[in-house]
Amino acid sequence: MKSINPFVVIFMLLLISSGGCARSLARIDMARDAFVAGDLTAAEETLVELSQSKDRYSSAASLDLAMVELAAGDAKSAERRFRKLRDDFDALASFAPMHEAAAMVGDDTARVYRPAAYEQIMIRAMLAVCSLATDGADAESYALQAAMRQSELAEDAKSRGIENVSEIYQSIAFAPYLRGVLREATHHDYDDAARAYQLVSAVEPRFSAVSNDIARANLGSHSNPGHGVLYVIGCVGRGPILKEVEAPTTTAAMQIASSVLNVTANQKDDKKDRAVALPNIASVKIPQVITPPSEVVGLGVRADGVAIGVTEVLTSVSELATKQTEAEMPWTIARAVMRRAAKETTVATVGNQLGLSGAAGSLFHFAVASAWSGSEHVDTRCWGLLPREIQVLRAELPAGDYTISLSSIGRSGHPIGSGVERPVTIVDGRNEYIIAIAPETTIYLAK
């Protein structure tokens, strides 16, 4: 009895599972839409189910679920979830042979989900936000972790020959800014605060409020006597997601693919320096970062009905995602090229084993290779509920009780939506934080 080709078995299993992938993707998209529309219950129910499954989308659903928990006011649960995800992702092996092999004969959704560089940084940034929404005890530590992870990713990118690493992987402004805020709040670590604010100015010169922060820290003054400080930290707009696009192959990507395949082939073969010829591949399917449209550009803030300011962009998550994804694009395209090459080789081998040659062999190769490649799912798993931007407003107020009102500000500069209110007590010489999540006109208050 003839043995069944293992590649055929894998191919059939991948075809059978493709429907499940499509259903999971549709469900997670529905949960995200519900979150934006203000239906936290519907979003949570779907994301809880997906996160608890063994589905390929479970980790991405867990990241989104943590944002839902934070928006619902359960910052402690969100912090625990983010911390577990951080630790789980950090514990992943750098190379998973079985999943990599499956990806070569299937598609990248067969691989273990690893968050993109910007997502790894933002996990730590959102941990800091969660901490601020409770007692703030670990906020500075999380901010430092975000900066350290950024540095580690920059070193890895540099080792792979990625250009302009210092610009693409520079520190996100939110991390040093938060350190400055917390150092200043001690009323004695003003030098540390000033250095942190100067770093913010260097990496995000568009954040105009930092000039006042630097001046205040240099003077060694947290606030005027009898005053405290309100910080409104806004997670504003709909953040980056991934969509499938067709991309032309590039010289850089083909060189990477050829180099990797040659090294792999020579490791398996006694003949050294054996060149592997790549098939003629003009384009491949890849994931591309896009930012969904959002009308909200900032948050207007009032204290007892009096306008005290509008939040300003401190860190653009979308820009970070776009820069880093584009920098990794040659490697992304190279993976798709190697996967296509592996399939072409497998189809040719099977055709030869079946004794097909000439026109029949060419027809078989074309039909099977086209169907196999057409069955691919580009890996668009991502943290879909990240904000477009992290924005901040610092407002110094006389000590006392206030009703703070927040409203989404549209592109016209006027409020859109109904807004929300929160009672706040300002204490002399202390900071008070309001964490707002505003993907659109709906505003959630984590604290």
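Reader: Starting with aromatic rings: when do two of them count as a pair here?

Author: Rings of Phe, Tyr and Trp pair if their centres lie within 6.5 Å. Planes over 60 degrees apart make a pair edge-to-face. This is a predicted model.

Reader: OK, so which residues form an aromatic cluster?

Author: Tyr177, Tyr197 and Phe207 form one.

Reader: And how many aromatic pairs turn up in the whole structure?

Author: The search finds six. One of them joins Phe89 and Tyr113, with 5.9 Å from centre to centre and 70° between the planes, so with the cut-off of over 60 degrees this pair is edge-to-face.

Reader: Where do Phe89 and Tyr113 lie?

Author: Phe89 is in helix α4 (residues 75-91), while Tyr113 is in the loop between α5 (97-105) and α6. Their pairing ties together parts of the chain that are 24 residues apart in sequence.

Reader: Is Phe89 buried or exposed? And Tyr113, buried or exposed?

Author: Phe89 is buried because its relative accessible area is 12%, under the 20% cut-off. Tyr113 is buried as well, at 7% relative accessibility.

Reader: Switching to the nonpolar core. Which residues touch the most other members of the largest one?

Author: Phe35, Phe82 and Phe174 do, in a core of 87 residues. Helix α6 (residues 117-132) supplies the largest share of this core, 12 residues.

Reader: What is Phe35 in contact with, leaving aside its neighbours within four places in sequence?

Author: Its contacts include Leu40, Ala43, Met67, Val68 and Ala71. Also among them are Leu385, Ile437, Pro439 and Tyr444.

Reader: What is in the second, separate core?

Author: That core has 19 residues, among them Ala303, Tyr402, Leu406 and Ile426.

Reader: Now strands. What is the order in the open sheet of four strands?

Author: The order is β5-β4-β8-β9, and the pairing is antiparallel. At the edges are β5 (306-310) and β9 (415-426), each of which pairs on one side only. From one strand to the next, the twist averages 25°.

Reader: How many bridges join β4 to β5?

Author: Four, with β4 covering residues 298-303. Within this pairing, Val301 stands opposite Gly309 in β5.

Reader: What sits in the loop between β4 and β5?

Author: Asp304 lies there. Its phi is positive, about 55°, although Asp304 is not a glycine. With 47% relative accessibility, Asp304 counts as partly exposed.

Reader: Which residue in the loop between α9 and α10 should I look at for a similar backbone angle?

Author: Look at His187, in the loop between α9 (174-184) and α10 (190-203). Phi of His187 is near 70°, a positive value in a residue other than glycine. His187 is partly exposed, at 38% relative accessibility.

Reader: Back to strands, then. How many residues of β7 are buried?

Author: 10 of its 12 residues are buried, so with under 20% relative accessible area as the cut-off, strand β7 (residues 387-398) is mostly covered.

Reader: Which strands are joined to β7 by bridges?

Author: Among them is β1 (residues 227-238), joined to β7 by 11 bridges and running antiparallel to that strand. Strand β6 (residues 312-316) is also antiparallel to β7, with four bridges.

Reader: What is the bridge partner of Val229 in β7? And what stands opposite Thr315?

Author: Val229 has Glu396 as its partner. Thr315 stands opposite Ile390 in β7.

Note on methods: Residues numbered from 1 in each chain as written. Predicted model: local features only at pLDDT ≥ 70, side-chain atom pairs only at ≥ 80, totals over all residues. Heavy atoms only, no water. Pairing = 2+ DSSP bridges. Helix = DSSP H or I, 4+ residues; strand = E, 2+ residues; numbered from the N terminus. Axes fitted to C-alpha atoms, helices over the stretch in contact; angles between N-to-C directions. Buried < 20%, exposed > 50% of the residue type's maximum accessible area, 1.4 Å probe, protein only. Core = buried A, V, L, I, M, F, W, Y, C linked by side-chain atoms within 4.5 Å. Contact = heavy atoms within 4.5 Å. Phe/Tyr/Trp six-rings, centres within 6.5 Å; stacked < 30°, edge-to-face > 60°.
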